[in-house]
Amino acid sequence: MRKEIKDPNALFDAAEKKRGASKFLEAIPIYLEAKKLAPKDSELKAACSASLGDTYRMAGAFVKAVKCYKEAHRLSVILGDEMRGLDALVGLGLSLRALGSIKEAIAVFDGALAGYRKAKDEAGTAFTLWARAGALRIKGDLNGALGGFAEARGIFKRLRDQSGVGYCLTGLGGASRVAGFPKESGKHYAEANKLFTKHKDAFGVAYSYCGVANSLRMQGDFKASLAYFKKAKTQYKRIGDKVSYAYTLWGEGSSLLMLGKAELASEDFKEAARLFRETKDRRGLIYCELSRGQMQFKKNASKAAELVNKAFKEARSIGLGVEIAYAKEVLETMTRNPGALPLNLA
């Protein structure tokens, strides 16, 4: 099919269809071909760069996504396309967030949010509030995250954007779980799953399955959580999202560990860590270090403490409030109440 299409605009449209169907790995080479054929400093080249950024990000290739978003923003400034430039900034912020550059990501979101509000663009404002809330959650500002997701959800409801509402529900689900409200988290994710299933959003379905699994895990229903982790893994494999698949493996491994199936859990943590290293996801690696540390404790307490200390220092270096707290909790448990290990981290 690609050989028959020589028009870069037609190639771009074909790639957009692939991306719309969550076929990210198939869309990338088509976008690249369209971008190569597009005129220099053209609107089409800017559109290709922006869409490539989105597609790389969804596939977990965040370093490549950052490069594409910066290029899209540069071209948008040249072309005087303010809205595409703001969209590129939000994508850049999401990619930086995924790479662990939380402070930088929040600063980028703040700039984009100011631009959208000035332009009275409600859709852009809502999406940026959602993205920023996710960064606040990682930073450890759970109240700020919950407030941001709720505000974004209200705007999306007003705009009748069901997809936006769904992703705000997943955001509320994640922040609620970390804040210690797993049942409420599960309700948010289940509601989101209904919306995503109705609108055939493959990524949203996978994400909400994983969320339901984690809420069950935090309620102690480890066996039930495994069924949902399996559903999420199947969806993520089909999409080609390595990072989300890795987090799903970590969640599944955590449930297996709590069930006493250490060998199977170890396999999940090992594969998750490999994918996190491949995608340069520092936060994901911290979770794997915390889990490995807990598993090592009975065999070698000093080695276990070394792993958890490493995770603590890494979390502190990039300002991950939640993960800093988890590392401290694990270290304290190792010292004062080792019989309570392993801890079921949210």
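## Walking through the helices

Just after helix H6, Lys120 takes a positive phi of about 55 degrees. Helices here are DSSP runs (H or I, at least four residues; strands would be E, at least two), numbered from the N terminus. Before going on, keep in mind that this is a predicted model: local features need pLDDT of at least 70 and side-chain atom pairs count only at pLDDT 80 or more, while totals for chains, interfaces and linings use all residues. Residues are numbered from 1 along each chain as its sequence is written, and side-chain values use heavy atoms, with hydrogens and water left out.

Back to H6 itself. The helix covers residues 102-118, and its 17 residues reach 24 Å from first C-alpha to last. That is close to the 24 Å expected at 1.5 Å a residue (the expected span is 1.5 Å times one less than the number of residues). Its buried residues are Ile102, Ala105, Ile106, Val108, Phe109, Ala112, Leu113, Gly115 and Tyr116. Buried means under 20% relative accessible area, exposed over 50% and partly exposed in between, with a 1.4 Å probe and protein chains only. The buried residues of H6 pack against helix H5 (82-98) and H7. Glu104 sits in H6 too, but with a relative accessible area of 43% this residue is partly exposed. If you like to gauge distances, Glu104 and Gly211 are 107 residues apart in sequence and 27 Å apart in space, C-alpha to C-alpha.

Next along is the pairing of H7 (residues 122-139) with H8 (residues 142-158), whose axes come within 8 Å and cross at roughly 160 degrees. So H7 is roughly antiparallel to H8. Axes are lines fitted to C-alpha atoms, for helices over the stretch in contact, and angles run from 0 to 180 degrees between N-to-C directions; under 35 degrees counts as roughly parallel, over 145 as roughly antiparallel, 65 to 115 as roughly perpendicular, and the rest as oblique. On the H7 side, the residues making contact include Phe127, Leu129, Trp130 and Leu136, while H8 brings Phe149, Ile155 and Phe156 among others. Contact means heavy atoms within 4.5 Å. The crossing of H7 and H8 is left-handed, that is, the near helix is turned anticlockwise from the far one by less than a right angle (clockwise would be right-handed).

H9 and H10 give you another pair to look at: they pack at about 160 degrees with axes 8 Å apart. These two are therefore roughly antiparallel to each other, and their crossing is left-handed. Among the residues that meet are Val165, Tyr167, Leu169 and Leu172 in H9 and His188, Tyr189, Leu195 and Phe196 in H10.

Now zoom in on H10, which runs over residues 182-198. Its 17 residues reach 24 Å from first C-alpha to last, close to the 24 Å expected. Buried residues of H10 include Gly186, His188, Tyr189, Asn193 and Phe196. The buried set packs against H9 (162-178) and helix H11 (202-218). What comes just after H10? There, Lys200 takes a positive phi of about 55 degrees, although it is not a glycine. Lys200 lies in the loop between H10 and H11 and, at 78% relative accessibility, counts as exposed.

Earlier in the chain, Asp41 also has a positive phi, of about 50 degrees, without being a glycine. Asp41 is in the loop between helix H2 (24-37) and helix H3 (43-58), where a relative accessible area of 28% makes this residue partly exposed. As background, most residues other than glycine have a negative phi, and most peptide bonds are trans. On the peptide-bond side, a cis bond joins Leu341 and Pro342, with omega about 0 degrees. Pro342 is in the segment after helix H17 (321-336).

Finally, the interior. The largest nonpolar core (buried Ala, Val, Leu, Ile, Met, Phe, Trp, Tyr and Cys residues joined through side-chain atoms within 4.5 Å) has 110 residues. Which residues have the most contacts inside it? They are Trp130, Leu290 and Tyr326. Leaving aside neighbours within four places in sequence, Leu290 touches Val308, Ala311, Tyr326, Ala327 and Leu345. Glu289 is in helix H15 (residues 282-296). Is Glu289 buried or exposed? Glu289 is buried, at 13% relative accessible area. Leaving aside neighbours within four places in sequence, Glu289 is in contact with Leu307, Lys310 and Ala311.
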